[in-house]
Amino acid sequence: MIKMYELVGADKNRRFSPYCWRIRMALAHKGLDVECIPWHFTEKDKIKFSGQERVPVLIDGSKTIADSWEIAKYLENAYPDRPSLKLEHGEILFIKFWSETVLHPEMLQLLVLDIHDNLRPEDQNYFRESREKMFGKTLEEVVSNRQERLPRIQKLLVPLRSTLSKQEYLSGESQGFSDYIVFGAFQWARCISNFSILDSDDIVYKWREKMLNMHEGLALDAVGYTV
């Protein structure tokens with residue numbers, strides 16, 4: 001069976017990495033079973049064999065692949081007879097880089113303290129020190145005005161709304177890895193925080209609901225919050 005190292009919180013069932021969720025959904029899309037191995041921020045030695053320090057790390061037989069994009073390409077090439085992830089679509093690299101450089105950083109400023117509060121004490125120390133160094137302020141200061149920053153993230157979502165008003169999914173009339181990339185960010189938020197980012201009448205919210213119920217409710221059943 002395919003195995004994957006996946007980031008978890010103090011509760012090993014709280015699996016909140018947006019990058020890991022991309023691959024969880026991609027594996028389900030391909031109809032591939034996976035054994036997910038819980039991994040914490042301070043357990044870098046456990047994945048040292050992969051040549052780097054981040055998850056997801058996928059093991060498929062003798063193959064070890066790190067980085068969600070590289071894993072997606074591997075799955076598409078190794079299992080061509082399974083449903084396509086639509087990696088050849090020209091928009092996918094834009095969506096990947098937009099998510100990682102625009103959407104993720106903005107969401108992190110809303111979620112960073114909630115992430116900290118859901119970690120083991122030893123991971124909390126590492127997380128606080130590294131993220132406060134990155135932001136140049138305490139985690140509490142980072143999130144202090146998050147309600148006031150909601151209009152900013154709503155504005156950032158305009159391209160998603162415009163796209164979803166014209167087609168069912170970001171990948172077209174059926175879902176693909178472009179959808180899983182963006183969905184991973186919203187599932188990250190849902191699994192780690194009860195802070196509501198989307199309004200129920202938002203077309204992005206309705207798209208997220210479809211994604212949550214996909215693959216027999218894989219994402220919906222994950223430990224998280226009903227926001």
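Helix α6, spanning residues 146–156 of this predicted model, has R146, R149, L150, I153, Q154 and L156 as its buried residues. Because these residues cover an arc of only 165° around the axis, they lie on the same side of α6. The points below take up the surroundings of that helix, then a pair of parallel strands, and finally a glycine after α10.

**Helix α6 and its surroundings**
- The buried residues of α6 pack against three helices, namely α3 (92–117), α5 (139–143) and α7 (158–164).
- On the face of α6 that is turned away from the buried side, the exposed residues are E148, P151, R152 and K155.

**Strands β1 and β2**
- Strand β1 (residues 2–7) and strand β2 (residues 34–39) run parallel and are joined by 6 bridges, and within this pairing K3 stands opposite E35 in β2.
- Between the two strands the chain passes through helix α1 (residues 18–30), forming a β-α-β crossover that is right-handed.

**G224 and its contacts**
- G224 is located in the segment that comes after α10 (214–217), and it counts as partly exposed because its relative accessibility is 34%, a value that falls between the limits of 20% for buried and 50% for exposed.
- When neighbours within four places in sequence are left aside, G224 is in contact with R14, R190 and C191.
- The C-alpha atom of G224 is separated by 8.6 Å from that of F16, although the two residues are 208 residues apart along the chain.

How values were computed: Residues are numbered from 1 along each chain as its sequence is written. This is a predicted model: local features need pLDDT of at least 70, side-chain atom pairs count only at pLDDT 80 or more; totals for chains, interfaces and linings use all residues. Side-chain values use heavy atoms; hydrogens and water are left out. Buried means under 20% relative accessible area, exposed over 50%, partly exposed in between (1.4 Å probe, protein chains only). Helices (H or I, at least four residues) and strands (E, at least two) are DSSP runs, numbered from the N terminus. The arc is that of the directions from the helix axis to the C-beta atoms. Contact means heavy atoms within 4.5 Å. Two strands pair if DSSP finds at least two bridges between them. A crossover is right-handed if, with the strands pointing away from the viewer, the path from the first strand over the helix to the second runs clockwise.
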